[in-house]
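Reader: I am new to this structure and would like to go through it slowly, one question at a time. Could you take me through it and show how each answer is reached?

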Amino acid sequence: MLNQIGNYSLYIALLSSILIIIQSPILLNRNNINVSGRIFSLISIQSLMIIISFIALIIAFIISDFSNETVYNNSHTSKPLFYKISGTWGNHEGSLLLWLLVLSIFLLIFTITSKNLSNQYRILTLFFQEIIILGFLLFILFTSNPFMSLFPIPNEGTGLNPILQDPALAIHPPILYLGYVGTSIIFSSSLAALISGSVNKTWAKHIKNWVLVSWIFLSIGILLGSIWAYYELGWGGFWFWDPVENVSLMPWFCLTALFHTILILEKREIFHSWAVILSITTFSLSMSGTFLVRSGILNSIHTFANDPSRGVFILCFLFILISLSIFIYFFYQNKIKNNFSKTYIVSKETAVLVNNLFMMFFLSVVLIGTVYPIFLEVVNNDKISVGPPFYHKLIVPFMIPFLIFMAIGPNLNWIKDKINKINLQQLLFFILSIIVSYIFLKRVGISYLFSLPLFVASFFLFFITIKDFSVKKVNLSQKISHFGFSLFILSVLVNGVLAKEYSSNMKVGDERKFLNKTIKFESLKINENKNYQSLEANFKISDKNNSINLKPEIRVYDQPQTITSEADIESTLYSDNFLVFNILKNDGFYNVRYQIKPFMIWIWISIILISFGGILSIVKKNG
Amino acid sequence: MKIKILVFTVFYLISFYNILYGANPEKVDQISKNLRCLICQGQSVYDSQSDFALSMKILIQNKIDEGKNDKQIYDFLKSKYGEWIVYDPEITKNTFLLWLLPLILFVFGAILIIRKVSIK
């Protein structure tokens, strides 16, 4: 029953999509027709249908309707309700349906909020957005239908991967998707603005909100994924340069660059083409990202071959969209106003260009690092791994000038600034940063080649962004975001330099010394939970003054059978105490890993600050 | 006196030898962080508790005890398991583009900006 509802509503959505695509060129030629007429009702019907199908899938998951193949493959009656619901998007089919849902809802919001803009621009945006929606609908209906029926109906499902049964990971995909899909509106509207010849201030002002919204959701989505990796993957890092993570970082770089460019476009009416190119790139990256992750190309190209129809569809769809946008770009490029005169070297405009240069560089490092191994394997069957050392070696040296530019840039004036203004105050802060970094590194006892300049640059940015709070001409949201970023870099560095780790094999009752602390393995007990059994250990970590108890777990899930290690983390403002243990083959011994991670919580706080700056900017403008 | 000096020298040499070549757990960590655990998904040998990773760590420790330096150890592992095992690809004819492309793009972008900027 639910399968039918889901299927039919998706087909109705498909039909409305086709109708809109056919009608929009006709409406385009009639000048004074209001979009809020027929097209608006079609869009509403479409969104409603997609919402219904999504709800149908959620209900199928809640009531464990195993006549649905997706539910059968990804759920189990013994799962807690919360994870039954989050299981809806914890799989390939469901996550695509979620993408589609967000796509159509965003389009609806766009249609409602753009009433005061030109008809031509609106209809064209709708047109491109509907092409994307149509592509997704076809992809879902013909290669990844979440409403496939099973007969005879099985009694029990196969369960959701236990590693996904986690609160942060349950909300991580929807948040990230809001960011990804937001970029589709930017893409469609930039093409529409290009064709209607309205890449200008008004467009910049209108699209800025969408850029910000996508950027905020993407930032928070990345944050959630990284917090999850920190406590769930169980080895204490928060970023592994894993292809799946990289894929979410790439559109972030692009959006950050785009946001800064849009600001300039709005204020000064320059960089039109660049803004359009960035809009197209951002969306292409978001979409390739989702598909790369979902199709499994990234882990190995062999999984790609498992389901050729999906892979081929993905590639064709991406190819069509990207070539369509490139074609449109070159065809209508001459419609872009070109009032570009050279910008003066010391000005805010140049600063934004430099920001963009670095963003594009970081993007290219991550992009090439992620895709290169895939190409190499295809081309000559050589397998190489590109991991953290590669990214660090290429990014860190460029980080130093980037941070310094970021400190100086926002204080420059528009159009033209005096060179000698950069001097005294900033010089003082720079000297202060050198002294602080030197003392800090000396005390920690580290003398790597890059450490000193890197610390100097980040302390410099840190001091300047704090100082900037007293400057009037910079707006508050920018101050908060930039300060958040400097705090982020500094926390990551300090965390990296000061983190301490101890690993040992212990049995119950053992005691180990580490630095000035004593780690005692006090007890072990077995808990029965609804869908897993857990082995809960109790460790006492004590030094002279105080002691804490950490209780990591080893969980044995039954559906499907999987063992996971749950770290226990005690967070304070100064540092995190992180402890995780694993079963060893020798009787009674466990591998215990204890880590002290200074300023860990500040990494999360700083990312929240960065995003908060964006939220503030939206609220202020509309309030 | 001579004996004292001799004993002292020998002791000093031994301790020096120990510092240079002795058990150096941090070095094992350093190397194993740079190796892919071949049977895990996206985990380094250092982070993994799998049998493969554990025996790998012992192997690296043995190599260090034999007095091999980092490069020798990496070369040995690469000849045994292929390039795939190291996270830090060497610059070869297969990988020079990987390292060079981002840098070329940066220079290209920088030139574009310089052309758009005037000093007057």
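Reader: Is F485(A) buried or exposed?
Author: This is a predicted model, and the answer rests on computed positions. F485(A) belongs to helix 17 of chain A, which spans residues 476-498. A residue counts as buried if 20 or more other C-beta atoms lie within 10 Å of its own. F485(A) has 22 other C-beta atoms within 10 Å, and therefore it is buried.

Reader: How far apart in space are F485(A) and F390(A), C-alpha to C-alpha?
Author: Along the sequence, 95 residues separate F485(A) and F390(A). In space, taken from C-alpha to C-alpha, the distance between F485(A) and F390(A) is 23 Å.

Reader: Which helix of chain A gives the most residues to the largest nonpolar core?
Author: This core holds 158 residues, and the members that touch the most others are L100(A), L103(A), F136(A), V211(A) and M250(A). As for the helix that gives the most to this core, with 18 residues, the one to look at spans residues 201-232 of chain A and is helix 8.

Reader: Why does this core lie between two domains of chain A, and which are they?
Author: The domain assignment of chain A gives domain 1 (1-160), domain 2 (420-499 + 602-622) and domain 3 (500-601). Two of these domains both give residues to the core, so the core lies between them, and they are domain 1 and domain 2 of chain A.

Reader: Which residues does L103(A) touch, not counting residues up to four places away in sequence?
Author: L103(A) is one of the core residues that touch the most other members. Once residues up to four places away in sequence are left out, the residues that L103(A) touches are I132(A), I133(A), F136(A), V181(A) and S184(A).

Reader: How many residues of domain 2 of chain A are in contact with domain 3 of chain A?
Author: The centres of domain 2 and domain 3 of chain A, taken over C-alpha atoms, are separated by 34 Å. Where domain 2 of chain A touches domain 3 of chain A, helix 17 and helix 18 (600-622) of chain A each supply at least two residues to the side of domain 2. By class, that side of domain 2 of chain A has 7 nonpolar, 2 polar and no charged residues. On the side of domain 3 of chain A the contact takes 9 residues, and on the side of domain 2 of chain A the number is likewise 9.

Reader: Which strands stand at the edges of the open sheet of 4 strands in chain A?
Author: The order of the strands in this sheet of chain A is 2-11-10-9, with antiparallel pairing. Strand 9 of chain A is joined by 4 bridges to strand 10 (residues 575-583) of chain A. Two strands have a single partner strand each, so one side of each is left without a neighbour in the sheet, and these are strand 2 (500-506) and strand 9 (568-571) of chain A.

Reader: Which helix gives the largest share of the side of chain A that touches chain B?
Author: The contact takes 31 residues from chain A and 27 residues from chain B. The elements that give two or more residues to the side of chain A are strand 1 (343-344), helix 13 (348-380) and helix 14 (388-408) of chain A. The largest share, 11 residues, comes from helix 13 of chain A.

Reader: Which residue of chain B stands opposite Y344(A)?
Author: Strand 1 of chain A and strand 1 (residues 117-118) of chain B pair over 2 bridges in the parallel sense. In strand 1 of chain B, the residue that stands opposite Y344(A) is S118(B).

How values were computed:
Residues numbered from 1 in each chain as written. Chains lettered and ligands numbered in written order. Predicted model: local features only at pLDDT ≥ 70, side-chain atom pairs only at ≥ 80, totals over all residues. Contact = placed C-beta atoms within 7 Å. Pairing = 2+ DSSP bridges. Buried ≥ 20, exposed ≤ 12 C-beta atoms within 10 Å, placed from the backbone. Domains from an automatic or database assignment. Nonpolar A, V, L, I, M, F, W, Y, C, P; charged D, E, K, R; others polar. Core = buried A, V, L, I, M, F, W, Y, C linked by C-beta atoms within 7 Å.
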